[in-house]
Amino acid sequence: MVVGEMPEGVDLLVVGGGPGGYVAAIAAAQLGRKVMLVDADGEDGLGGVCVRVGCIPSKALIELASHVHARQAWHGRGAPAPSAGDVDLVAFQNWKRDVVGGLNNGVRGLLKRAGVDVRTGWFRFTRPDQGALVTDPDRPPTHLKFASCIIATGSRPVQLPRLPFDGARIVSSTEVLELTDVPKSVAVVGGGYIGLELGTALAKLGSAVTIVEAQDRLLPTMDPNIGALVAKHVKTFGIEVLTSSSVTGDTGHALQIDRADGAVELAVELVVVAVGRIPNIDDLGLEVLGAAPGPDGRLPVGTDLLLTPRIAAIGDVTPGPALAHKASAEAHVAAAVLSGRAEVFDPTTIAAVVFSDPEVAQAGLTSSEAAAAGYDAVTATFPIAASGRARTLGDSTGFVEYVHNRDTGIVVGATIVGPHASELIAEAALAIEMAAHLEDIAGTIHAHPTMAELHHEVAHVALGHPIHVPGPRRPSSGAGAA
Ligand code: NAD
(Lines give C-alpha, C1' and ligand atoms only; values in the text may rest on other atoms or scores of the structure.)
Protein backbone atom coordinates (compact mmCIF):
# COMPACT_ATOMS: atom_id res chain seq x y z
CA MET A 1 0.00 0.00 0.00
CA VAL A 2 1.28 3.47 -0.83
CA VAL A 3 0.71 6.73 1.05
CA GLY A 4 -2.76 8.06 0.25
CA GLU A 5 -4.29 4.57 0.11
CA MET A 6 -5.64 4.68 3.66
CA PRO A 7 -8.19 1.84 3.61
CA GLU A 8 -11.71 2.24 4.93
CA GLY A 9 -12.50 -0.41 7.54
CA VAL A 10 -15.47 -2.68 6.91
CA ASP A 11 -16.84 -5.26 9.33
CA LEU A 12 -18.69 -7.53 6.87
CA LEU A 13 -18.48 -6.86 3.17
CA VAL A 14 -20.90 -8.43 0.68
CA VAL A 15 -20.07 -8.38 -3.03
CA GLY A 16 -23.18 -8.57 -5.23
CA GLY A 17 -26.75 -7.41 -4.68
CA GLY A 18 -28.66 -10.45 -5.96
CA PRO A 19 -30.73 -12.97 -3.97
CA GLY A 20 -27.50 -14.31 -2.46
CA GLY A 21 -25.89 -10.98 -1.64
CA TYR A 22 -28.79 -8.92 -0.36
CA VAL A 23 -30.08 -11.77 1.82
CA ALA A 24 -26.55 -12.27 3.22
CA ALA A 25 -26.34 -8.54 4.00
CA ILE A 26 -29.65 -8.52 5.89
CA ALA A 27 -28.88 -11.80 7.70
CA ALA A 28 -25.46 -10.48 8.77
CA ALA A 29 -26.98 -7.19 9.99
CA GLN A 30 -29.49 -9.20 12.03
CA LEU A 31 -26.51 -10.97 13.62
CA GLY A 32 -25.16 -7.61 14.73
CA ARG A 33 -22.59 -7.08 11.97
CA LYS A 34 -21.96 -3.70 10.38
CA VAL A 35 -22.46 -4.46 6.70
CA MET A 36 -21.34 -2.85 3.44
CA LEU A 37 -22.72 -4.21 0.12
CA VAL A 38 -20.89 -3.43 -3.13
CA ASP A 39 -22.58 -3.93 -6.48
CA ALA A 40 -21.29 -2.77 -9.87
CA ASP A 41 -24.70 -1.17 -10.46
CA GLY A 42 -25.10 0.14 -6.90
CA GLU A 43 -28.70 0.47 -5.72
CA ASP A 44 -29.97 -0.19 -9.26
CA GLY A 45 -28.32 -3.62 -9.05
CA LEU A 46 -30.29 -4.70 -5.98
CA GLY A 47 -32.26 -7.87 -6.65
CA GLY A 48 -29.59 -8.98 -9.11
CA VAL A 49 -30.16 -10.91 -12.33
CA CYS A 50 -33.15 -12.63 -10.74
CA VAL A 51 -35.18 -9.47 -10.16
CA ARG A 52 -33.91 -7.42 -13.10
CA VAL A 53 -33.33 -9.75 -16.08
CA GLY A 54 -34.05 -13.29 -14.92
CA CYS A 55 -36.61 -15.04 -12.71
CA ILE A 56 -39.03 -12.14 -12.28
CA PRO A 57 -39.25 -10.62 -15.80
CA SER A 58 -39.22 -14.08 -17.39
CA LYS A 59 -42.13 -15.20 -15.23
CA ALA A 60 -43.97 -11.99 -16.14
CA LEU A 61 -43.50 -12.77 -19.87
CA ILE A 62 -44.56 -16.39 -19.33
CA GLU A 63 -47.68 -15.18 -17.52
CA LEU A 64 -48.60 -12.83 -20.39
CA ALA A 65 -48.03 -15.63 -22.91
CA SER A 66 -50.23 -18.02 -20.92
CA HIS A 67 -53.07 -15.48 -20.80
CA VAL A 68 -52.81 -14.88 -24.55
CA HIS A 69 -52.82 -18.60 -25.24
CA ALA A 70 -55.70 -19.24 -22.83
CA ARG A 71 -57.93 -16.88 -24.86
CA GLN A 72 -57.91 -19.43 -27.68
CA ALA A 73 -58.12 -22.50 -25.45
CA TRP A 74 -61.13 -21.15 -23.51
CA HIS A 75 -63.03 -19.95 -26.57
CA GLY A 76 -64.29 -23.48 -27.23
CA ARG A 77 -65.26 -23.82 -23.57
CA GLY A 78 -67.68 -20.93 -23.42
CA ALA A 79 -65.48 -17.85 -23.27
CA PRO A 80 -66.14 -15.20 -25.92
CA ALA A 81 -63.95 -15.27 -29.03
CA PRO A 82 -60.58 -13.68 -28.41
CA SER A 83 -60.72 -10.09 -29.55
CA ALA A 84 -58.58 -9.32 -32.55
CA GLY A 85 -55.38 -7.37 -32.14
CA ASP A 86 -51.72 -7.98 -31.64
CA VAL A 87 -49.98 -8.59 -28.39
CA ASP A 88 -48.79 -5.21 -27.09
CA LEU A 89 -45.28 -5.82 -25.85
CA VAL A 90 -44.73 -2.09 -25.28
CA ALA A 91 -47.53 -2.13 -22.69
CA PHE A 92 -46.05 -5.32 -21.27
CA GLN A 93 -42.63 -3.68 -20.92
CA ASN A 94 -44.17 -0.74 -19.03
CA TRP A 95 -45.94 -3.09 -16.62
CA LYS A 96 -42.85 -5.28 -16.25
CA ARG A 97 -40.75 -2.20 -15.47
CA ASP A 98 -43.15 -1.39 -12.61
CA VAL A 99 -42.95 -4.95 -11.29
CA VAL A 100 -39.14 -5.02 -11.43
CA GLY A 101 -38.82 -1.45 -10.15
CA GLY A 102 -41.13 -2.20 -7.23
CA LEU A 103 -39.10 -5.23 -6.18
CA ASN A 104 -35.79 -3.35 -6.62
CA ASN A 105 -37.17 -0.56 -4.41
CA GLY A 106 -38.34 -3.12 -1.89
CA VAL A 107 -34.84 -4.59 -1.56
CA ARG A 108 -33.41 -1.08 -1.30
CA GLY A 109 -35.78 -0.33 1.59
CA LEU A 110 -35.02 -3.61 3.37
CA LEU A 111 -31.27 -2.94 3.21
CA LYS A 112 -31.73 0.63 4.40
CA ARG A 113 -33.78 -0.51 7.39
CA ALA A 114 -31.11 -3.10 8.18
CA GLY A 115 -28.49 -0.33 8.17
CA VAL A 116 -26.57 -1.76 5.20
CA ASP A 117 -24.27 0.70 3.42
CA VAL A 118 -24.76 0.12 -0.35
CA ARG A 119 -21.86 1.21 -2.61
CA THR A 120 -21.43 1.37 -6.37
CA GLY A 121 -18.34 0.03 -8.13
CA TRP A 122 -16.29 -2.89 -9.36
CA PHE A 123 -14.82 -4.98 -6.54
CA ARG A 124 -11.43 -6.72 -6.61
CA PHE A 125 -9.34 -8.37 -3.90
CA THR A 126 -5.98 -6.60 -3.63
CA ARG A 127 -4.17 -8.46 -0.89
CA PRO A 128 -4.38 -11.86 0.75
CA ASP A 129 -7.49 -12.09 2.86
CA GLN A 130 -8.39 -8.56 3.96
CA GLY A 131 -7.71 -5.93 1.29
CA ALA A 132 -9.93 -4.88 -1.58
CA LEU A 133 -10.45 -2.06 -4.03
CA VAL A 134 -13.73 -0.68 -5.36
CA THR A 135 -13.48 1.28 -8.60
CA ASP A 136 -16.12 3.35 -10.32
CA PRO A 137 -15.59 5.69 -13.29
CA ASP A 138 -17.45 8.49 -11.47
CA ARG A 139 -15.52 8.38 -8.20
CA PRO A 140 -11.99 8.01 -6.86
CA PRO A 141 -11.16 4.36 -6.02
CA THR A 142 -11.96 3.18 -2.50
CA HIS A 143 -9.53 0.94 -0.63
CA LEU A 144 -11.20 -1.35 1.87
CA LYS A 145 -9.97 -3.49 4.74
CA PHE A 146 -12.63 -6.01 5.73
CA ALA A 147 -12.98 -8.39 8.66
CA SER A 148 -15.24 -10.76 6.70
CA CYS A 149 -16.38 -10.95 3.09
CA ILE A 150 -19.09 -12.84 1.19
CA ILE A 151 -18.68 -13.29 -2.58
CA ALA A 152 -22.11 -13.38 -4.23
CA THR A 153 -21.35 -12.19 -7.75
CA GLY A 154 -23.67 -14.59 -9.60
CA SER A 155 -23.35 -15.72 -13.21
CA ARG A 156 -23.86 -14.58 -16.80
CA PRO A 157 -25.03 -16.32 -19.99
CA VAL A 158 -22.53 -18.52 -21.82
CA GLN A 159 -21.61 -17.18 -25.27
CA LEU A 160 -21.00 -19.67 -28.08
CA PRO A 161 -17.79 -18.79 -30.01
CA ARG A 162 -19.54 -19.53 -33.31
CA LEU A 163 -22.54 -17.45 -32.35
CA PRO A 164 -21.36 -14.31 -30.55
CA PHE A 165 -24.08 -12.12 -29.04
CA ASP A 166 -24.71 -8.97 -31.10
CA GLY A 167 -27.57 -7.57 -29.01
CA ALA A 168 -29.91 -7.49 -32.05
CA ARG A 169 -30.24 -10.77 -33.95
CA ILE A 170 -28.21 -13.12 -31.73
CA VAL A 171 -29.18 -12.51 -28.15
CA SER A 172 -29.29 -13.97 -24.64
CA SER A 173 -32.32 -14.28 -22.38
CA THR A 174 -31.67 -10.70 -21.18
CA GLU A 175 -32.53 -9.09 -24.53
CA VAL A 176 -35.52 -11.40 -25.13
CA LEU A 177 -37.10 -10.03 -21.99
CA GLU A 178 -36.78 -6.50 -23.45
CA LEU A 179 -38.57 -7.23 -26.77
CA THR A 180 -41.14 -4.66 -27.85
CA ASP A 181 -42.35 -6.66 -30.88
CA VAL A 182 -43.14 -10.34 -31.21
CA PRO A 183 -40.59 -11.78 -33.67
CA LYS A 184 -42.06 -13.75 -36.56
CA SER A 185 -39.54 -16.57 -36.27
CA VAL A 186 -37.12 -17.55 -33.51
CA ALA A 187 -34.46 -20.22 -33.10
CA VAL A 188 -33.72 -21.03 -29.48
CA VAL A 189 -30.31 -22.67 -29.08
CA GLY A 190 -30.41 -24.89 -25.98
CA GLY A 191 -33.36 -26.92 -24.76
CA GLY A 192 -32.63 -26.56 -21.04
CA TYR A 193 -34.42 -24.45 -18.42
CA ILE A 194 -34.14 -21.06 -20.11
CA GLY A 195 -34.54 -22.22 -23.71
CA LEU A 196 -37.69 -24.14 -22.94
CA GLU A 197 -39.26 -21.41 -20.80
CA LEU A 198 -38.60 -18.60 -23.30
CA GLY A 199 -39.27 -20.72 -26.39
CA THR A 200 -42.67 -21.74 -25.05
CA ALA A 201 -43.58 -18.17 -24.11
CA LEU A 202 -42.61 -16.80 -27.53
CA ALA A 203 -44.56 -19.56 -29.31
CA LYS A 204 -47.66 -18.75 -27.25
CA LEU A 205 -47.25 -15.08 -28.19
CA GLY A 206 -47.25 -16.00 -31.88
CA SER A 207 -43.62 -16.59 -32.95
CA ALA A 208 -42.70 -19.64 -35.05
CA VAL A 209 -40.22 -21.25 -32.65
CA THR A 210 -37.59 -23.92 -33.28
CA ILE A 211 -35.62 -25.26 -30.30
CA VAL A 212 -32.17 -26.58 -31.26
CA GLU A 213 -30.72 -28.92 -28.62
CA ALA A 214 -27.31 -30.62 -28.81
CA GLN A 215 -28.36 -33.61 -26.68
CA ASP A 216 -30.90 -36.24 -27.72
CA ARG A 217 -33.79 -34.71 -25.76
CA LEU A 218 -35.14 -31.58 -24.11
CA LEU A 219 -34.19 -31.04 -20.44
CA PRO A 220 -31.33 -33.55 -20.81
CA THR A 221 -30.32 -33.26 -17.15
CA MET A 222 -33.68 -34.73 -16.13
CA ASP A 223 -35.16 -38.22 -16.57
CA PRO A 224 -35.78 -39.07 -20.27
CA ASN A 225 -39.56 -39.49 -19.80
CA ILE A 226 -39.83 -35.82 -18.79
CA GLY A 227 -38.07 -34.50 -21.91
CA ALA A 228 -40.22 -36.75 -24.10
CA LEU A 229 -43.48 -35.62 -22.50
CA VAL A 230 -42.55 -31.94 -22.69
CA ALA A 231 -41.37 -32.27 -26.32
CA LYS A 232 -44.72 -33.82 -27.27
CA HIS A 233 -46.69 -31.11 -25.51
CA VAL A 234 -44.76 -28.10 -26.85
CA LYS A 235 -45.55 -29.29 -30.37
CA THR A 236 -49.17 -28.34 -29.62
CA PHE A 237 -47.95 -24.70 -29.49
CA GLY A 238 -46.33 -25.14 -32.92
CA ILE A 239 -42.79 -25.49 -31.55
CA GLU A 240 -40.40 -27.56 -33.64
CA VAL A 241 -37.76 -29.42 -31.64
CA LEU A 242 -34.45 -30.36 -33.28
CA THR A 243 -32.50 -32.66 -30.96
CA SER A 244 -28.97 -34.06 -31.48
CA SER A 245 -28.33 -30.85 -33.43
CA SER A 246 -25.27 -28.59 -33.10
CA VAL A 247 -25.12 -25.03 -34.30
CA THR A 248 -22.08 -24.36 -36.46
CA GLY A 249 -22.67 -20.71 -37.33
CA ASP A 250 -25.01 -18.06 -38.65
CA THR A 251 -25.18 -16.46 -42.09
CA GLY A 252 -26.83 -13.28 -40.85
CA HIS A 253 -30.30 -14.51 -41.74
CA ALA A 254 -30.09 -18.29 -41.26
CA LEU A 255 -28.73 -20.49 -38.51
CA GLN A 256 -26.38 -23.25 -39.69
CA ILE A 257 -27.02 -26.55 -37.97
CA ASP A 258 -25.28 -29.92 -38.10
CA ARG A 259 -27.64 -32.89 -37.73
CA ALA A 260 -27.10 -36.64 -37.99
CA ASP A 261 -28.76 -36.58 -41.43
CA GLY A 262 -26.67 -33.66 -42.71
CA ALA A 263 -26.27 -29.89 -42.46
CA VAL A 264 -29.34 -27.65 -42.57
CA GLU A 265 -29.98 -23.91 -42.60
CA LEU A 266 -32.80 -22.41 -40.57
CA ALA A 267 -33.89 -18.93 -41.68
CA VAL A 268 -35.05 -17.00 -38.59
CA GLU A 269 -35.51 -13.40 -37.49
CA LEU A 270 -34.08 -13.90 -33.98
CA VAL A 271 -31.62 -16.34 -32.42
CA VAL A 272 -31.78 -16.82 -28.65
CA VAL A 273 -28.77 -18.58 -27.15
CA ALA A 274 -29.51 -20.34 -23.84
CA VAL A 275 -26.74 -22.88 -23.36
CA GLY A 276 -25.94 -22.37 -19.70
CA ARG A 277 -24.41 -19.75 -17.39
CA ILE A 278 -20.86 -19.14 -16.17
CA PRO A 279 -19.92 -17.76 -12.75
CA ASN A 280 -18.72 -14.15 -12.48
CA ILE A 281 -15.36 -14.84 -10.87
CA ASP A 282 -12.87 -14.04 -13.62
CA ASP A 283 -12.18 -10.41 -12.64
CA LEU A 284 -12.33 -10.52 -8.84
CA GLY A 285 -8.59 -10.69 -8.15
CA LEU A 286 -8.98 -14.19 -6.67
CA GLU A 287 -5.36 -14.93 -7.56
CA VAL A 288 -4.17 -12.70 -4.71
CA LEU A 289 -6.05 -14.98 -2.33
CA GLY A 290 -4.46 -18.06 -3.88
CA ALA A 291 -7.99 -19.24 -4.71
CA ALA A 292 -8.86 -20.87 -8.03
CA PRO A 293 -12.02 -22.42 -9.46
CA GLY A 294 -12.46 -26.20 -9.38
CA PRO A 295 -12.87 -28.40 -12.48
CA ASP A 296 -16.54 -27.32 -12.69
CA GLY A 297 -15.46 -23.65 -12.95
CA ARG A 298 -16.97 -22.84 -9.52
CA LEU A 299 -15.27 -21.78 -6.31
CA PRO A 300 -14.61 -24.90 -4.24
CA VAL A 301 -16.27 -24.42 -0.85
CA GLY A 302 -17.32 -27.00 1.72
CA THR A 303 -20.48 -27.10 3.82
CA ASP A 304 -19.23 -24.04 5.78
CA LEU A 305 -19.10 -22.14 2.44
CA LEU A 306 -15.67 -20.72 3.38
CA LEU A 307 -13.09 -20.04 0.69
CA THR A 308 -10.62 -18.72 3.29
CA PRO A 309 -11.17 -18.28 7.05
CA ARG A 310 -12.48 -14.74 6.40
CA ILE A 311 -14.12 -15.12 2.98
CA ALA A 312 -17.24 -17.12 2.06
CA ALA A 313 -18.74 -17.71 -1.40
CA ILE A 314 -22.41 -18.35 -2.18
CA GLY A 315 -24.85 -18.74 -5.08
CA ASP A 316 -23.98 -19.36 -8.74
CA VAL A 317 -20.22 -19.01 -8.04
CA THR A 318 -20.26 -22.20 -5.92
CA PRO A 319 -21.03 -25.82 -6.88
CA GLY A 320 -24.68 -26.94 -7.10
CA PRO A 321 -27.69 -25.74 -9.07
CA ALA A 322 -27.63 -22.10 -10.25
CA LEU A 323 -30.87 -21.23 -8.48
CA ALA A 324 -31.85 -18.04 -6.65
CA HIS A 325 -33.31 -19.91 -3.67
CA LYS A 326 -30.10 -21.93 -3.25
CA ALA A 327 -28.14 -18.64 -3.11
CA SER A 328 -30.50 -17.17 -0.52
CA ALA A 329 -30.34 -20.30 1.64
CA GLU A 330 -26.54 -20.26 1.49
CA ALA A 331 -26.58 -16.55 2.41
CA HIS A 332 -27.95 -17.28 5.89
CA VAL A 333 -25.30 -19.93 6.50
CA ALA A 334 -22.40 -17.78 5.23
CA ALA A 335 -23.45 -14.81 7.40
CA ALA A 336 -23.73 -17.07 10.44
CA VAL A 337 -20.44 -18.94 9.85
CA LEU A 338 -18.50 -15.68 9.40
CA SER A 339 -20.11 -14.46 12.62
CA GLY A 340 -18.72 -17.37 14.60
CA ARG A 341 -21.69 -19.73 14.49
CA ALA A 342 -21.25 -23.43 13.74
CA GLU A 343 -23.69 -23.74 10.83
CA VAL A 344 -23.47 -25.82 7.66
CA PHE A 345 -25.15 -25.75 4.28
CA ASP A 346 -26.24 -29.34 3.84
CA PRO A 347 -29.85 -29.37 2.58
CA THR A 348 -31.72 -32.62 2.02
CA THR A 349 -33.29 -31.10 -1.07
CA ILE A 350 -33.29 -27.96 -3.20
CA ALA A 351 -36.49 -27.95 -5.23
CA ALA A 352 -36.05 -27.03 -8.90
CA VAL A 353 -38.78 -25.74 -11.21
CA VAL A 354 -38.93 -25.25 -14.97
CA PHE A 355 -41.74 -22.85 -15.86
CA SER A 356 -42.42 -24.57 -19.16
CA ASP A 357 -45.83 -25.86 -20.29
CA PRO A 358 -46.34 -28.31 -18.68
CA GLU A 359 -44.40 -27.05 -15.67
CA VAL A 360 -41.73 -29.43 -14.39
CA ALA A 361 -40.70 -29.56 -10.73
CA GLN A 362 -38.39 -31.85 -8.82
CA ALA A 363 -37.33 -32.28 -5.21
CA GLY A 364 -35.12 -34.87 -3.58
CA LEU A 365 -33.93 -37.93 -5.47
CA THR A 366 -35.15 -39.42 -8.73
CA SER A 367 -35.59 -43.20 -8.71
CA SER A 368 -32.20 -43.73 -10.37
CA GLU A 369 -30.47 -41.32 -7.96
CA ALA A 370 -32.12 -43.07 -5.00
CA ALA A 371 -30.97 -46.47 -6.26
CA ALA A 372 -27.43 -45.09 -6.79
CA ALA A 373 -27.51 -43.72 -3.23
CA GLY A 374 -28.15 -47.24 -1.97
CA TYR A 375 -31.87 -47.01 -1.22
CA ASP A 376 -34.24 -49.85 -2.00
CA ALA A 377 -36.22 -47.26 -3.95
CA VAL A 378 -39.84 -47.69 -4.99
CA THR A 379 -41.58 -45.37 -7.46
CA ALA A 380 -45.31 -44.61 -7.53
CA THR A 381 -47.04 -42.39 -10.08
CA PHE A 382 -50.44 -40.80 -10.42
CA PRO A 383 -51.62 -39.22 -13.69
CA ILE A 384 -52.77 -35.59 -13.68
CA ALA A 385 -55.63 -36.70 -15.98
CA ALA A 386 -57.20 -38.53 -13.00
CA SER A 387 -57.50 -35.25 -11.05
CA GLY A 388 -60.92 -33.61 -11.12
CA ARG A 389 -59.43 -30.19 -10.42
CA ALA A 390 -56.98 -30.55 -13.33
CA ARG A 391 -59.93 -31.35 -15.62
CA THR A 392 -61.64 -28.10 -14.56
CA LEU A 393 -58.43 -26.21 -15.33
CA GLY A 394 -58.70 -27.62 -18.84
CA ASP A 395 -55.18 -28.97 -18.53
CA SER A 396 -54.56 -32.58 -17.65
CA THR A 397 -51.09 -33.25 -19.08
CA GLY A 398 -48.52 -34.76 -16.75
CA PHE A 399 -48.01 -36.87 -13.67
CA VAL A 400 -46.91 -36.89 -10.06
CA GLU A 401 -44.20 -39.34 -9.08
CA TYR A 402 -43.04 -40.12 -5.57
CA VAL A 403 -39.94 -42.13 -4.73
CA HIS A 404 -39.82 -43.78 -1.32
CA ASN A 405 -37.58 -46.13 0.58
CA ARG A 406 -39.17 -49.61 0.64
CA ASP A 407 -37.77 -50.44 4.10
CA THR A 408 -39.00 -47.34 5.88
CA GLY A 409 -41.80 -45.90 3.70
CA ILE A 410 -40.02 -42.53 3.94
CA VAL A 411 -40.43 -40.24 0.92
CA VAL A 412 -37.04 -39.39 -0.62
CA GLY A 413 -37.99 -37.75 -3.91
CA ALA A 414 -40.78 -36.27 -6.02
CA THR A 415 -41.25 -35.19 -9.62
CA ILE A 416 -44.30 -33.25 -10.70
CA VAL A 417 -45.08 -32.44 -14.33
CA GLY A 418 -48.27 -30.52 -14.98
CA PRO A 419 -50.32 -27.45 -14.07
CA HIS A 420 -49.15 -25.66 -10.91
CA ALA A 421 -46.21 -28.07 -10.47
CA SER A 422 -44.16 -25.02 -9.41
CA GLU A 423 -46.38 -24.55 -6.36
CA LEU A 424 -47.20 -28.21 -5.71
CA ILE A 425 -43.55 -29.19 -5.29
CA ALA A 426 -43.39 -27.27 -1.99
CA GLU A 427 -45.43 -29.91 -0.12
CA ALA A 428 -43.20 -32.67 -1.44
CA ALA A 429 -40.05 -30.72 -0.53
CA LEU A 430 -41.34 -30.26 3.01
CA ALA A 431 -42.20 -33.97 3.22
CA ILE A 432 -38.70 -34.92 2.05
CA GLU A 433 -36.98 -32.43 4.38
CA MET A 434 -39.04 -33.71 7.35
CA ALA A 435 -38.54 -37.38 6.37
CA ALA A 436 -42.31 -37.87 6.16
CA HIS A 437 -43.74 -41.38 5.74
CA LEU A 438 -46.20 -42.21 2.98
CA GLU A 439 -48.82 -42.67 5.73
CA ASP A 440 -48.29 -39.05 6.88
CA ILE A 441 -49.19 -37.80 3.41
CA ALA A 442 -51.98 -40.29 2.71
CA GLY A 443 -53.42 -39.59 6.17
CA THR A 444 -53.44 -35.80 5.73
CA ILE A 445 -56.91 -34.85 4.51
CA HIS A 446 -56.37 -32.57 1.51
CA ALA A 447 -59.15 -30.19 0.44
CA HIS A 448 -61.20 -31.20 -2.59
CA PRO A 449 -61.15 -30.26 -5.40
CA THR A 450 -57.53 -29.08 -5.41
CA MET A 451 -54.36 -29.97 -7.25
CA ALA A 452 -52.77 -30.57 -3.83
CA GLU A 453 -54.86 -33.74 -3.55
CA LEU A 454 -52.36 -35.25 -5.98
CA HIS A 455 -50.00 -35.71 -3.02
CA HIS A 456 -52.30 -37.98 -1.08
CA GLU A 457 -53.44 -39.72 -4.27
CA VAL A 458 -49.86 -40.70 -5.16
CA ALA A 459 -49.17 -41.69 -1.54
CA HIS A 460 -52.21 -44.03 -1.72
CA VAL A 461 -50.78 -45.50 -4.94
CA ALA A 462 -47.42 -46.06 -3.19
CA LEU A 463 -49.19 -47.74 -0.25
CA GLY A 464 -51.03 -50.07 -2.64
CA HIS A 465 -54.59 -48.81 -2.12
CA PRO A 466 -55.34 -46.15 -4.72
CA ILE A 467 -58.94 -45.03 -5.28
CA HIS A 468 -58.87 -42.98 -8.47
CA VAL A 469 -56.62 -45.26 -10.52
CA PRO A 470 -56.75 -49.05 -10.70
CA GLY A 471 -54.78 -50.78 -7.94
CA PRO A 472 -54.02 -54.27 -6.76
CA ARG A 473 -56.86 -56.38 -5.31
CA ARG A 474 -56.45 -56.40 -1.55
CA PRO A 475 -56.86 -59.68 0.28
CA SER A 476 -60.02 -59.94 2.41
CA SER A 477 -59.47 -59.85 6.17
CA GLY A 478 -62.09 -62.59 6.51
CA ALA A 479 -64.82 -60.45 8.11
CA GLY A 480 -67.97 -60.69 5.99
CA ALA A 481 -66.40 -63.28 3.73
CA ALA A 482 -68.47 -66.31 2.84
P1 NAD B 1 -29.21 -25.43 -19.01
O2 NAD B 1 -27.95 -26.08 -18.61
O3 NAD B 1 -30.45 -25.71 -18.27
O4 NAD B 1 -29.51 -25.80 -20.54
C5 NAD B 1 -28.61 -25.56 -21.57
C6 NAD B 1 -28.93 -26.51 -22.71
O7 NAD B 1 -28.19 -26.13 -23.84
C8 NAD B 1 -28.57 -27.95 -22.39
O9 NAD B 1 -29.70 -28.77 -22.64
C10 NAD B 1 -27.42 -28.26 -23.35
O11 NAD B 1 -27.41 -29.60 -23.78
C12 NAD B 1 -27.73 -27.31 -24.49
N13 NAD B 1 -26.57 -26.91 -25.29
C14 NAD B 1 -25.32 -26.61 -24.84
N15 NAD B 1 -24.55 -26.24 -25.88
C16 NAD B 1 -25.32 -26.30 -27.00
C17 NAD B 1 -25.09 -26.04 -28.38
N18 NAD B 1 -23.89 -25.61 -28.83
N19 NAD B 1 -26.10 -26.23 -29.27
C20 NAD B 1 -27.32 -26.64 -28.82
N21 NAD B 1 -27.58 -26.91 -27.51
C22 NAD B 1 -26.60 -26.74 -26.62
O23 NAD B 1 -28.87 -23.87 -19.09
P24 NAD B 1 -29.84 -22.61 -19.21
O25 NAD B 1 -31.16 -23.02 -19.75
O26 NAD B 1 -29.04 -21.58 -19.94
O27 NAD B 1 -30.03 -22.16 -17.71
C28 NAD B 1 -28.87 -21.91 -16.89
C29 NAD B 1 -29.18 -22.18 -15.45
O30 NAD B 1 -29.99 -21.13 -14.96
C31 NAD B 1 -29.96 -23.47 -15.23
O32 NAD B 1 -29.10 -24.56 -15.02
C33 NAD B 1 -30.76 -23.16 -14.01
O34 NAD B 1 -30.06 -23.57 -12.86
C35 NAD B 1 -30.89 -21.65 -14.01
N36 NAD B 1 -32.26 -21.30 -14.38
C37 NAD B 1 -33.26 -21.63 -13.54
C38 NAD B 1 -34.56 -21.33 -13.87
C39 NAD B 1 -35.67 -21.69 -12.93
O40 NAD B 1 -35.40 -21.94 -11.77
N41 NAD B 1 -36.91 -21.76 -13.40
C42 NAD B 1 -34.86 -20.72 -15.07
C43 NAD B 1 -33.82 -20.41 -15.90
C44 NAD B 1 -32.53 -20.70 -15.54
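## A guided tour of the chain

Let us start with a pair of strands: select S8 (residues 170–171) together with S15, which pair in the parallel sense over two bridges. Look for Val171, whose bridge partner in S15 is Val272. Keep in mind on this tour that you are viewing a predicted model.

**Stop 1: around strand S15**

Keep S15 selected and add strand S9 (residues 185–189). These two strands also run in the parallel sense, with four bridges between them. Here Val189 has Val273 of S15 as its bridge partner.

Now show the side chains of S15, residues 270–273. Are its faces covered or not? Both are covered: Leu270 and Val272 are buried on one side, and Val271 and Val273 are buried on the other. This fits a simple pattern: in a regular strand, side chains alternate between the two faces of the sheet.

**Stop 2: an open sheet**

Next, select S12, S13 and S14. They form an open sheet of three strands in the order S12-S13-S14, and the pairing is antiparallel. Why is one side of S12 and of S14 left without a neighbour in the sheet? Strand S12 (246–250) and strand S14 (262–267) stand at the edges with a single partner strand each, so one side of each has no neighbour there. On average, neighbouring strands of this sheet are turned by 30 degrees against each other, direction ignored.

Zoom in on S13 (residues 254–259) and S14, which are joined by six bridges in the antiparallel sense. One pair to pick out is Leu255 with its bridge partner in S14, Leu266.

**Stop 3: helix H1**

Move to helix H1, residues 21–30. How many of its 10 residues are buried? Nine are, and the helix is mostly covered. Among the buried residues are Gly21, Tyr22, Val23 and Ile26.

To see what surrounds them, add strand S1 (8–15), strand S2 (35–39), helix H4 (89–113), strand S6 (139–151) and helix H8 (324–338): the buried residues of H1 pack against these elements. Then click on Gly32, which follows H1 and has a positive phi, near 95 degrees.

**Stop 4: two helices that cross**

Two packed helices are described by the angle between their axes and the distance between the axes. Try this with helix H3 (residues 55–75) and helix H6 (residues 193–205), whose axes come within 8 Å and cross at roughly 35 degrees. Their crossing is left-handed.

Show the side chains where they meet. From H3, the contact includes Leu61, Ile62, Leu64, Ala65 and Val68, and from H6 it includes Leu198, Ala201 and Leu205. Glu197 and Lys204 of H6 also take part, as does Lys59 of H3. The contact residues divide into eight nonpolar, three polar and three charged.

**Stop 5: a single residue**

Now select Asn405, which lies in strand S22 (residues 399–405). Is Asn405 buried or exposed? Its relative accessible area is 10%, and Asn405 is buried. Leaving aside residues up to four places away in sequence, Asn405 touches Tyr375, Asp376 and Ile410.

**Last stop: the whole chain**

Finally, zoom out. The chain has 13 helices and 23 strands. Its radius of gyration is 25 Å, close to the 23 Å that the globule rule gives for 482 residues, so the chain is as compact as a globular protein of that length. Its C-alpha atoms fill a box of roughly 100 × 60 × 45 Å along the principal axes. Buried residues make up 47% of the 482 residues. Of the contacts with a separation of 6 or more, 63% come from residues 24 or more positions apart.

Definitions and conventions
Residues numbered from 1 in each chain as written. Predicted model: local features only at pLDDT ≥ 70, side-chain atom pairs only at ≥ 80, totals over all residues. Heavy atoms only, no water. Axes fitted to C-alpha atoms, helices over the stretch in contact; angles between N-to-C directions. Left-handed = near helix turned anticlockwise from the far one by under 90°. Contact = heavy atoms within 4.5 Å. Nonpolar A, V, L, I, M, F, W, Y, C, P; charged D, E, K, R; others polar. Buried < 20%, exposed > 50% of the residue type's maximum accessible area, 1.4 Å probe, protein only. Pairing = 2+ DSSP bridges. Rg over C-alpha atoms; globule rule 2.2 N^0.38 Å.
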